[in-house]
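Ready to work through some exercises on a protein model? Grab a pencil, try each task yourself, and then check the worked solution.

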Amino acid sequence: MASTSTIGPMPSKTADLEETWAYLSEGVDLIMNRLETGLSFPAYTNLYTTVYNYCTSTKMAGKQDGNRTGANLVGSDLYSKLHAYFIDHFKPMVDTCESLQDIELLRYYAAQWDRYTTGANFLNRLFTYLNRYWVKRERDEGKKAVYPVYTLALSQWKDVFFKQVQKDNRKLTTAVLRLVTQQRNGETIDQGLVKKVVDSFVSLGLDSADLNKECLDVYKDHFEGPFLEATEEYYKKESESFLAANSVSDYLKKVEDRLREEEDRVERYLHNKTRKELISKCDDVLIRQHSDLMWESFQSLLDFDKDEDLQRMYALLARIPEGLEPLRKKFEQHVKTAGLSAVSKLIETGENAGDADPKAYVDALLEVHRKNSETVSRSFKSEAGFAASLDKACREFVNRNAATGTSSTKSPELIAKHADMLLRKSNKMAEEEDLEGALNRVMILFKYLEDKDVFQTFYTTKLSKRLIHGVSASDESEASMISKLKEACGFEYTNKLQRMFTGTHICSSRDHRLTSASIDMSLSKDLTDSFKERMAQNHDDMDITFSIMVLGTNFWPLNPPPHEFVIPQEILPTYDRFSKYYQTKHSGRKLTWLWNYSKNELRTNYLNQKYFLMTSSYQMAVLLQYNRNDTMSLNELVTATSISKDILSQVLALLVKAKILINEEKDQYDLNPNFKSKKIRVNLNLPIKADVKAESADVLKAVDEDRKYVIQATIVRIMKARKTMKNQSLIQEVISQISQRFAPKIPDIKKAIETLLEKEYIERVDGSKDTFAYVA
């Protein structure tokens with residue numbers, strides 16, 4: 001350490017200002033210019049004591065304002081001396097800076113800043129007594145231009161040195177920005193030097209009213225503003241030149257890298273509050289100003305499944321408020337087009353032009369949804385707007401496509417038929433989990449159906465047949481599907497399904513040798529069992545195994561055949577006996593026989609090999625005629641069975657195809673005496689076109705009838721709650737309440753209103769033709 005002999009002898013306690021400052025100035029100069037040579041603790045203590053002695057001098061205190069009491073009020077003159085010293089201190093520094101540029105200027109500036117702030121910190125502690133009493137009192141009395149010594153030092157650096165250097169075209173700022181540009185160009189720079197200079201800009205900001213409050217005025221005026229302008233200019237030129245020579249995909253990577261670099265720049269040498277302005281500027285120059293080009297290239301990225309580029313584009317455009325909406329619209333159109341194209345391709349390549357296979361149809365729709373759902377999840381981070389675009393597009397192509405044409409009921413029908421195939425025993429699903437997954441995928445499409453009531457009616461019809469014929473894959477799967485529909489649409493939607501399903505459990509044990517379904521009664525297994533017992537007691541000629549299901553019309557959507565049916569004489573006794581037995585059990589109730597849903601099993605006796613033929617009631621009626629005839633004409637068969645010629649022709653076609661009958665002459669059918677089959681049990685009970693068409697027609701008729709009542713009930717419910725409503729408001733409210741089930745047509749709503757007016761559920765308000773009132 002340096003000896004205190006370099007500083008003169010310590011003045012007395014009563015020394016005046018000049019003597020005091022003469023001693024202190026030597027110490028101040030040592031601290032500010034030669035601190036590295038050392039300052040001994042005794043020397044430091046002497047300097048500190050000298051300041052204390054002067055500030056507490058009674059002699060000096062007497063010269064103060066008479067209203068001020070105490071010996072701790074002296075300090076104004078000493079403060080002024082220190083102020084003047086700082087001004088003189090900067091003169092050689094200013095002169096030196098005039099000849100320096102760029103990196104040399106920054107190095108000199110940073111070195112002087114380190115020396116100066118270190119010295120100022122020493123002085124601040126040296127003049128602690130001055131700060132604690134005189135400076136504090138002055139500031140308490142409102143003199144905000146008086147600062148503690150360290151703050152005074154910074155204020156003088158700013159006013160006398162910093163501003164003087166900056167007067168020359170902002171030399172410091174320009175030098176820093178040049179280094180930043182070099183770094184952006186890929187050069188290595190001294191980031192520590194930049195940070196030191198930039199931090200000095202921050203430190204020079206002073207809030208006179210609150211010295212502890214961070215003030216960024218100097219930083220913003222002398223660095224942040226010019227820095228942001230330079231950033232904008234740099235990236236504007238770079239982005240334009242880069243795009244002129246590279247693809248949008250490459251540009252996305254470039255922008256991603258540049259944004260990462262700027263974030264890193266904030267962390268390394270900028271003030272944290274610059275981050276928001278800097279990133280906003282980069283977003284504007286690098287993204288917003290080229291957003292049109294990004295939007296245009298988005299379709300190409302979708303078409304070629306450029307997942308990484310899509311992720312980048314999403315992440316970048318998400319940074320600007322208007323960035324994503326054009327992408328959402330393009331994505332929606334893309335998904336819609338993909339869906340429509342998939343179905344069109346299916347129809348064009350299908351075996352039956354214009355008619356879609358339910359499984360192929362559902363698979364095509366699901367594949368489009370799966371692929372684009374993964375895109376939403378992977379590339380767009382499951383963002384709600386893109387998820388909504390996917391849903392909107394799927395809703396469009398699921399309900400309106402090449403398979404549906406102008407029909408709004410075709411898609412629900414095909415999806416319901418696919419669900420039916422999944423839930424049948426004949427389905428080849430290997431595991432229960434596979435079937436559950438397939439049903440979940442059906443529900444994906446179900447969510448998008450507009451006419452859910454059409455699906456409901458088709459599904460109910462299909463369920464009834466599965467339950468009647470005992471061909472459900474499993475009770476668990478049936479219950480699971482009903483549960484899924486209930487969760488999606490509520491209890492009312494699945495009420496009939498649930499009642500049918502639970503009802504079959506009551507009479508689930510049955511023999512399908514001859515199954516007849518009848519309606520308008522409760523379900524009962526006991527009926528069949530008690531009938532068999534009675535017949536066993538009273539008749540020993542019952543050579544037919546017989547089982548019956550009695551079903552209630554309220555829940556089972558089954559219609560009797562539209563034509564007469566002559567019951568074959570072989571089963572007529574059983575038919576008569578059961579009918580009479582039933583009347584004894586339930587007097588006054590009517591049985592309606594559903595021959596079109598019955599199944600039978602016949603045994604051949606005319607061949608060397610015995611076969612068991614699984615048939616429909618119509619096939620049974622035809623084949624039993626050959627117990628008495630070897631050949632019959634079409635007209636003879638129509639007379640014998642009362643089955644319409646159109647349906648009978650299709651029944652006979654199946655029997656001819658199976659080679660049970662021979663059709664060598666037109667409309668003439670012979671029993672084949674040489675019939676052979678590899679299987680002992682031969683299933684002939686296959687659907688015919690007439691049944692399929694009749695089923696669709698019955699379903700759509702039922703849907704139309706249900707809709708009339710649903711619309712009327714909704715209007716009554718609304719009017720009961722609102723009492724009075726205008727016509728247009730009522731229509732909109734009806735649409736709003738029903739749209740989750742189906743898309744009501746305005747003419748149907750108007751017709752329902754007219755019906756309710758006639759029935760006097762509602763009435764027109766006097767003097768207003770378009771306002772209705774509820775009639776209590």
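## Exercise 1: Two cysteines

Cys489 has a relative accessibility of 29%, so it counts as partly exposed (buried means under 20% relative accessible area, exposed over 50%, and partly exposed in between, with a 1.4 Å probe and protein chains only). Before you go on, a word on the model: it is predicted, so local features need pLDDT of at least 70 and side-chain atom pairs count only at pLDDT 80 or more, while totals for chains, interfaces and linings use all residues. Residues are numbered from 1 along each chain as its sequence is written, and side-chain values use heavy atoms, with hydrogens and water left out.

**Task.** Work out why Cys394 has no bond to the closest cysteine sulfur.

**Solution.**
- Step 1: recall the chemistry. A disulfide is a covalent bond between the sulfur atoms of two cysteines.
- Step 2: get the cut-off. The two sulfur atoms must be within 2.5 Å.
- Step 3: check the distance. The closest cysteine sulfur to that of Cys394 belongs to Cys489 and is 17 Å away, which is too far for a bond.
- Step 4: look at the surroundings. Cys394 counts as buried because its relative accessibility is 1%.
- Step 5: zoom out. Searching the whole structure turns up zero disulfides.

## Exercise 2: The nonpolar core

**Task.** Find which residues have the most contacts inside the largest nonpolar core, and which helix gives the most to this core.

**Solution.**
- Step 1: pin down the term. A nonpolar core is a set of buried Ala, Val, Leu, Ile, Met, Phe, Trp, Tyr and Cys residues joined through side-chain atoms within 4.5 Å.
- Step 2: pick out the residues. The largest core has 160 residues, and Phe86, Phe127, Trp157, Tyr361 and Phe455 have the most contacts inside it.
- Step 3: name the helix. Helix α5 (residues 102-126) gives the most to this core, with ten residues. Helices (H or I, at least four residues) and strands (E, at least two) are DSSP runs, numbered from the N terminus.
- Step 4: zoom in on Phe86. Setting aside neighbours within four places in sequence, Phe86 is in contact (heavy atoms within 4.5 Å) with Met32, Tyr116, Leu123, Leu152, Ala153 and Gln156.

## Exercise 3: Rings that pair up

**Task.** Classify two aromatic pairs, Tyr109 with Trp157 and Tyr219 with Phe223.

**Solution.**
- Step 1: learn the rules. Rings of Phe, Tyr and Trp (its six-membered ring) pair if their centres lie within 6.5 Å; planes under 30 degrees apart count as stacked, over 60 as edge-to-face and the rest as tilted.
- Step 2: count. The structure holds 36 aromatic pairs.
- Step 3: take Tyr109 and Trp157. Their centres are 5.5 Å apart with 70° between the planes, an edge-to-face pair.
- Step 4: place those two rings. Tyr109 is in helix α5 and Trp157 in helix α7 (residues 149-166), 48 residues apart, and the pair links distant parts of the chain. Tyr109 is buried at 0% relative accessibility, and Trp157 is buried at 0% as well.
- Step 5: take Tyr219 and Phe223. The ring centres are 5.7 Å apart and the planes meet at 40°, so this pair is tilted. Both residues lie in helix α10, four residues apart, about one turn of the helix.
- Step 6: spot the cluster. Tyr85, Phe86, Phe90, Tyr109, Trp113, Tyr116, Trp157 and Phe161 form one aromatic cluster.

## Exercise 4: A histidine in a helix

**Task.** Decide whether His222 is buried or exposed, then find the side chain joined to His222 by a polar contact.

**Solution.**
- Step 1: locate the residue. His222 is found in helix α10 (residues 217-245).
- Step 2: use the accessibility. His222 counts as buried because its value is 17%.
- Step 3: find the partner. The side chains of His222 and Gln166 are joined by a polar contact of 3.2 Å. For a polar contact, a pair of N or O atoms must be within 3.5 Å; within protein, one must be able to donate a hydrogen and the other to accept it, and residues adjacent in sequence count only if both atoms are side-chain atoms.

## Exercise 5: Positive phi

**Task.** Say where Lys659 lies and what is unusual about the phi of Lys659.

**Solution.**
- Step 1: start from the rule. Most residues other than glycine have a negative phi.
- Step 2: compare. Phi of Lys659 is positive, near 70°, and this residue is not a glycine.
- Step 3: place the residue. Lys659 lies in the loop between α27 (645-657) and β6 (661-665), and is exposed, with a relative accessible area of 57%.
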